[in-house]
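Here is a plain walk through a structure that may be new to you. Keep the 3D view open and follow along.

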Amino acid sequence: MGVDETYRNYEHPLYASLEKMPGITVGLARLDQLLQWGARNSLWVFPMATSCCAIEFMTAAASRVDLDQMGTIIRPTPRHCDVMVVAGTITVKMAPRVKKLWDQMPEPKWCIAMGSCAISGDFYRDIYSVVPGVDTICPVDVYIPGCPPNADQVMVGLRRLQEKIQLQREGKWVEPDKRPDDPRTILPEIGLYDRREDDMTERQHEASRHLGVGGNESRDNDDGVISHQGGVSETAGGSTE
Amino acid sequence: MNEILAKLATEFPGVFDAENPDPSGALVPADQHVAVAAFLKENGFTKYVTVVGSHYPASGDEGVAEYEVGTVLRNPTRNSFAFMWRVRIPMDGEVPTLCPLFAGADWQEREQFDLVGVRFGGHPDLRRLMLPEDWEGHPLHKDYAIETAHPPWR
Amino acid sequence: MEVRVPTRPNPHLDIDAYDADADLMALNMGPQHPSTHGVMRIKLFLDGEVIVKAVPYPGYLHRGVEKLCEKLTFVQIIPIVDKHDYVAPMTNEQAIAVAFERTLGIEVPRRARYLRTILAELTRIGSHLLWLGTFTLDIGGTIGGGASVMMYTFREREKILDCFENLTGSRFHYNTHTVGGNRHEIPDGWVDQVKAITALMKIRVPEYEELCTGNEIFNLRTQGVGVVDADLALELGLCGPNLRGSGVDHDLRRDQPFHAYDEIEVNVAVAQGGDCHARYQVRIAELYESIRIIESIIDKIPDGPLSSQRPVKSHLGVKIKTGCHYHSIETPRGELGTYIIGGGDNKSASPYRLKIRPPSLHSMSALPYLLVGHTVSDVVAILGSLDPIMGEVDR
């Protein structure tokens, strides 16, 4: 499935009309900032929640990790929502419905792929009835890895999306044209991860290379999306992907 | 376990052996399948557990590709255990359905038809359960590739 | 052959022949819908507001696990099977491990059996808490007030998940059971953590019960709704709280003991009535019972090895015995069984055929019988009280 990104750069119609008025640009910057802040901090989420990641998503929306504190409300109808969080395996039977619901969401819209089943199909990717990753159906903005990701990682992913929205509005976002070979988690600048040791990521990659799973093998899909998951791994467990 | 085997050996001689019971479940001919289930239901095995179909491809030159259908029932009493038996049919044959006896057989048999391909004779509504209605092939056949593509989604 | 009782609704009703004058409407619920049970689709045929025929369509999460497991060994199967009943993950692994152990005749050491029992009961508490939260969420509405109990129960469930994280390292999908025992040893302070949980639950569960049973709207929406009589329940293969809510006294923990249940007394909760309220009462009673079981054995975990097998050097080490084997355990949803067919000689490390008998599939197959005659608003209550988990239904 090709991914159509021609509608990525969203222009607010209010600006187009306001810009034509002389001397208005002074106030426009402030208005722009206000609108950006509003769009960022009130992302209403559409949970395309199919399997186990749905439970972690519900947990993220519940008491301990409260997504509501970021202004996100879980709305079950796509017409009201900004963000579609795909949590869980997408199967061949479900895929046309996901596409239909994605098309029903009004602009501007973003998509978060949560969990390794939605990112790449996990170890189900070679099975006859599983779609290997939801980015074959709709363009994904943020990938939250994990099987399932911890509930606080959902919060991290939504914060990363907020950063991305801000950078896009400011015009500073550079869209990577394919997934990097090296699956480093991009951590947002929210000050939580200062305590992470500098070489932790290197050590984790070294460990995964030693076990012979995942890592730096890339395999081309038909539509140019590179995935970094091999077949079924021989070692047990898969809490971190 | 021995009592029910003894009763079954009396009722269906030649099929059930009370002295050396087959640990995988006795092989019951297809025409006695429903009678065995009815007899067990009258004797306390009222809980329907499951039905499992498997595909055995033809081995050698004269072998015939077969389906083996295992049925499991349970008695919901203090010393509960699961009783199972098997039916073997050629691939174009039919196993009589247990739907009039057990309402749960409806969906279980539909699922086995969907995935394995074994047909159940007399089933009120034998159609696919798990896979889309227009799917071709039965995935749990031994010669069905697990990576079968299904354009445009995979 | 017994005579079919004529009052049972016919799930294969011919819609065209129903009534020429009635104006039937086909309403589709799902596969994506606000209720939190995963992707399922129910096609309802309505005569006005009353349901005449309900046709559920499962399979939107069919991941082909049974085909996948035919080329995997037991070490690889355990994390895959983990993802079926994702609300009660420990018991999935335990079902497979118990099936393999009973087939191969491997004995599990007492320490592992006690640990497994504690984990199973903690999982039962976590699963019923989540069920209670989502049940009341569905009945009350997300913004309407049903979210209160959900927030409370998820708060408690976080503590249980912390406990599991302390033991195994992950909140979900632990991969902590193997054939012959467990992998993760109990860390220091874990026993105190579990005791703190049970002490807390003894205060909280009566609060939740009072919130729900004392709520008139809850009672009106669940009493008399979705009645299953005992015969239909047994025929359908219902199990667990769904069966015990219909008055059938059957619990695999007592009737075919596994883990350490042969050394523990299990009081089985049975409710008469068969409606949603009865199933709710059974699950609340099971919550109390799980707390009691954990408290009675948490101090008595015997010392010894945690696994009777040496750590497996190669995942091809364990071979499956020839023949067909069926073994099951009692999960929070009912009887989760595994039917394994071993290969021709005793030397194959992968099963020839592996079938998981999911309790939720039977619960879902009860829907065509239960929904007839009710209104659309009852569908949500009935679906919630049956507690299906789609990962299990579709595998």
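Let's start with a pair of strands in chain C. Strand β2 (residues 41–47) of chain C is joined to β3(C) by seven bridges, and the two run antiparallel. As one example of the register, L46(C) sits opposite I51(C) in β3(C). Before going further, keep in mind that this is a predicted model.

That pair belongs to an open sheet of three strands in chain C, in the order β1-β2-β3 and with antiparallel pairing. β1 (24–29) and β3 (50–57) of chain C are at the edges with a single partner strand each, so one side of each has no neighbour in the sheet. On average, neighbouring strands of this sheet are turned by 20° against each other, direction ignored.

Now zoom out to chain C as a whole. Its secondary structure comes to 15 helices and eight strands. The radius of gyration of chain C is 22 Å, close to the 21 Å that the globule rule gives for 395 residues, so chain C is as compact as a globular protein of that length. The C-alpha trace of chain C spans about 70 × 55 × 35 Å along its principal axes. Of its 395 residues, 59% count as buried. As for contacts in chain C with a separation of 6 or more, 71% of them come from residues 24 or more positions apart.

Which helix of chain C is largely enclosed by the rest of the structure? Take a look at α2 (residues 74–81) of chain C: eight of its eight residues are buried, so the helix is largely enclosed. Those buried residues are F74(C), V75(C), Q76(C), I77(C), I78(C), P79(C), I80(C) and V81(C). Among what covers them are α1 (65–68), α3 (89–104), β4 (177–178) and β8 (353–357) of chain C.

Chain A has an enclosed element too. Five of the five residues of strand β3 (residues 110–114) of chain A are buried, so this strand is largely enclosed by the rest of the structure. W110(A), I112(A) and M114(A) point one way from β3(A), while C111(A) and A113(A) point the other way.

What does β3(A) pair with? Strand β2 (residues 83–87) of chain A pairs with β3(A) in the parallel sense over five bridges, and V86(A) stands opposite A113(A). Strand β4 (residues 142–144) of chain A also pairs with β3(A) in the parallel sense, over three bridges, with M114(A) opposite I144(A) in β4(A). There is a helix in this picture as well: β2(A), α4 (residues 95–104) of chain A and β3(A) make a right-handed β-α-β unit.

Finally, here is how the chains meet. The contact between chains A and C takes 33 residues from chain A and 36 residues from chain C. On the chain A side, the elements giving two or more residues are α3 (52–61) and α4 of chain A, and α3(A) gives the most, with six residues. The contact between chains B and C takes 37 residues from chain B and 34 residues from chain C. Here the elements of chain B giving two or more residues are β2 (47–56), β3 (66–74), β4 (82–90) and α3 (105–115), and β2(B) gives the most, with six residues.

The table sorts the two sides that touch chain C by residue class.

| Side touching chain C | Nonpolar | Polar | Charged |
|---|---|---|---|
| Chain A | 17 nonpolar residues | 11 polar residues | five charged residues |
| Chain B | 22 nonpolar residues | 10 polar residues | five charged residues |

Terms used. Residues numbered from 1 in each chain as written. Chains lettered and ligands numbered in written order. Predicted model: local features only at pLDDT ≥ 70, side-chain atom pairs only at ≥ 80, totals over all residues. Contact = placed C-beta atoms within 7 Å. Helix = DSSP H or I, 4+ residues; strand = E, 2+ residues; numbered from the N terminus. Nonpolar A, V, L, I, M, F, W, Y, C, P; charged D, E, K, R; others polar. Buried ≥ 20, exposed ≤ 12 C-beta atoms within 10 Å, placed from the backbone. Pairing = 2+ DSSP bridges. Right-handed = clockwise from strand over helix to strand, strands pointing away. Rg over C-alpha atoms; globule rule 2.2 N^0.38 Å. Axes fitted to C-alpha atoms, helices over the stretch in contact; angles between N-to-C directions.
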